[in-house]
Amino acid sequence: MTSVPRQRPDLAGAAVGIWGFGKEGQSLARTAAAAGAARIDAVDDAGRGTLDAPSDIANLNLWRGAEHLTRLADCDVVFLSPGIPWHQPFFAELRDAGTPLSSAADWYLRRYADQTVGVTGTKGKSTTASFLSHLLCRLGADAVVAGNIGTPLSDLEPGPGAVVVAELSSQQCALVTASPRISVITNLFEDHLDWHGDIDAYHRAKANVFACGGEILVTTPQVLATLERLGIALPPVVRTVDPADAARPAVEGLGDYVMAYEHNVVNGALAAVAAAEVIGRPVTEDEFLGAVTTFEALPHRLQVVRRTGAVRWVDDTLATTGESVVAALRSMRPDDRVALIVGGMDRQLDYEQIDDYLLSGARDVHLIQGPTNGTDIGRGFAAAHPEFVHPVDSLQAAVRTAAAVPGVTAVLLSPGAASYDLYANYVAKAAAFCEFIDAHLDASDAVSQSN
């Protein structure tokens, strides 16, 4: 059985609306111009005033400010950025009016779904997608990873036989009308409730990765139980990886290889099963081990960004849920003394699992609670062990406090929350983390020299 991609909207001579003018918005504007759109109205509602339209995009009108959103109502089709909340009033108006809506992922999948592996999940999707692409390339496939991880899918025109591993966020999944032939769902926890409204809506959006014509789903029994509870029909073929049985003997004892971390063992197993579906045979132990030992950690995911003496400074700014913070702590060495920096934008998440892990004593942790919601993370641990908890008012103060923890061997920035409260995004927060580390080390060297 081969999936039948849905027809793309004809952009020739059309009035095309673009809501959001980040990387995906600019890609779609170029796509529309190349297709001969008569008018391209792009609105970035993140600020006010006008923006300079790129000179290489024909027929582009560009505005900044939410007051310009009504311009999109006069367009034949509107492409949306993934960051626009489903319950945003004007988004709801467009849906109610029957305006044709699409996105970079939807535009791509309407043509190339049959040669795509879609990877989604609450956590682990970037690592799983990247590792799967790496594994496929080592197996001789013409594979590339794109989507939420970096390159907009609308930039791609894969040739015959090429495989695209597409990382898809819940927001991207919610808007697709054609599903990848093969889909991977790593896990389903609580996240993005501010976008979807409630956890069931969030999980239903994730399921859209296979619900529009997908043929094969690779996932875990836990995810299947959630999908079945919601009454979601499954694709014709379902492959499961049980976390209890996922560990391959070859991975044991591989130390700091990122795919040997406890939370990545299942991700690696899911990637191996998906790869087998692509190449038509199982992945051998030697092939898998070769991929594990040559795969490099992704930026901002347990990435060691500095080493000072015996101390590793670890950027895990993409850890934006309690589950991902616990996974990061479990990846630390058993003999580490960890200074854990938490805190970011408050999204009303449940952090009980962090308390449970900290109170278990599985790792030696000093908890540093930064803004904005840091004091909501580890409340039970703070009540039981106030001597190991340090509230601070800035990331800079968190770095200084972490460096001063006696015997610290790992400083882990794993915030358990998004970065948008004080920073433009996680990249900006990670850059500030490194700047504060360097400034602290420079100041320490100056003091040492003066003495």
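Domain bounds here come from an automatic or database domain assignment. I keep in mind throughout that this is a predicted model.

**Entry 1: the domains**

I looked up how the chain is divided, and the assignment gives domain 1 (15–102), domain 2 (106–293) and domain 3 (303–450). I then asked how far apart the C-alpha centres of domain 2 and domain 3 lie, and the value I found is 29 Å.

**Entry 2: where domain 2 and domain 3 touch**

I looked up the contacts between these two parts and noted that 11 residues of domain 2 are in contact with 14 residues of domain 3. Together, domain 2 and domain 3 bury about 1000 Å² between them, and 51% of that area is on carbon and sulfur atoms. How many salt bridges does the rule find across this interface? I noted down 0 for the interface of domain 2 and domain 3.

**Entry 3: an annotated region**

I checked the UniProt record, an unreviewed entry, and its annotation "domain: Mur ligase C-terminal" covers residues 300–406. Over residues 300–406 I read the chain as 32% helix and 24% strand, with the end C-alpha atoms 26 Å apart.

**Entry 4: aromatic rings and charges**

I looked for pairs of aromatic rings, and the count comes to 8. Ring pairs link W19, W86, F90 and F91 into a cluster, and I returned to W86 when I looked for charges over rings, since R95 lies over the face of W86, at 4.1 Å from the ring centre. I wrote down R71 as well, which lies over the face of W63 at 4.0 Å from the ring centre.

**Entry 5: two details of the backbone**

I asked which form, cis or trans, the peptide bond from P371 to T372 takes. The bond is cis, with omega near 5°, and I located T372 in the loop between β16 (364–369) and α13 (379–384). My last look was at N59, which has a positive phi of about 60° although N59 is not a glycine. I found N59 in a loop too, the one between β3 (49–50) and β4 (60–64).

Conventions: Residues numbered from 1 in each chain as written. Predicted model: local features only at pLDDT ≥ 70, side-chain atom pairs only at ≥ 80, totals over all residues. Heavy atoms only, no water. UniProt positions renumbered as here; feature names shortened; annotations may be inferred. Helix = DSSP H or I, 4+ residues; strand = E, 2+ residues; numbered from the N terminus. Phe/Tyr/Trp six-rings, centres within 6.5 Å; stacked < 30°, edge-to-face > 60°. Lys NZ or Arg CZ within 6 Å of the ring centre and 35° of its normal. Contact = heavy atoms within 4.5 Å. Buried area = accessible area lost by both parts, 1.4 Å probe. Salt bridge = Lys/Arg side-chain N within 4 Å of Asp/Glu carboxyl O.
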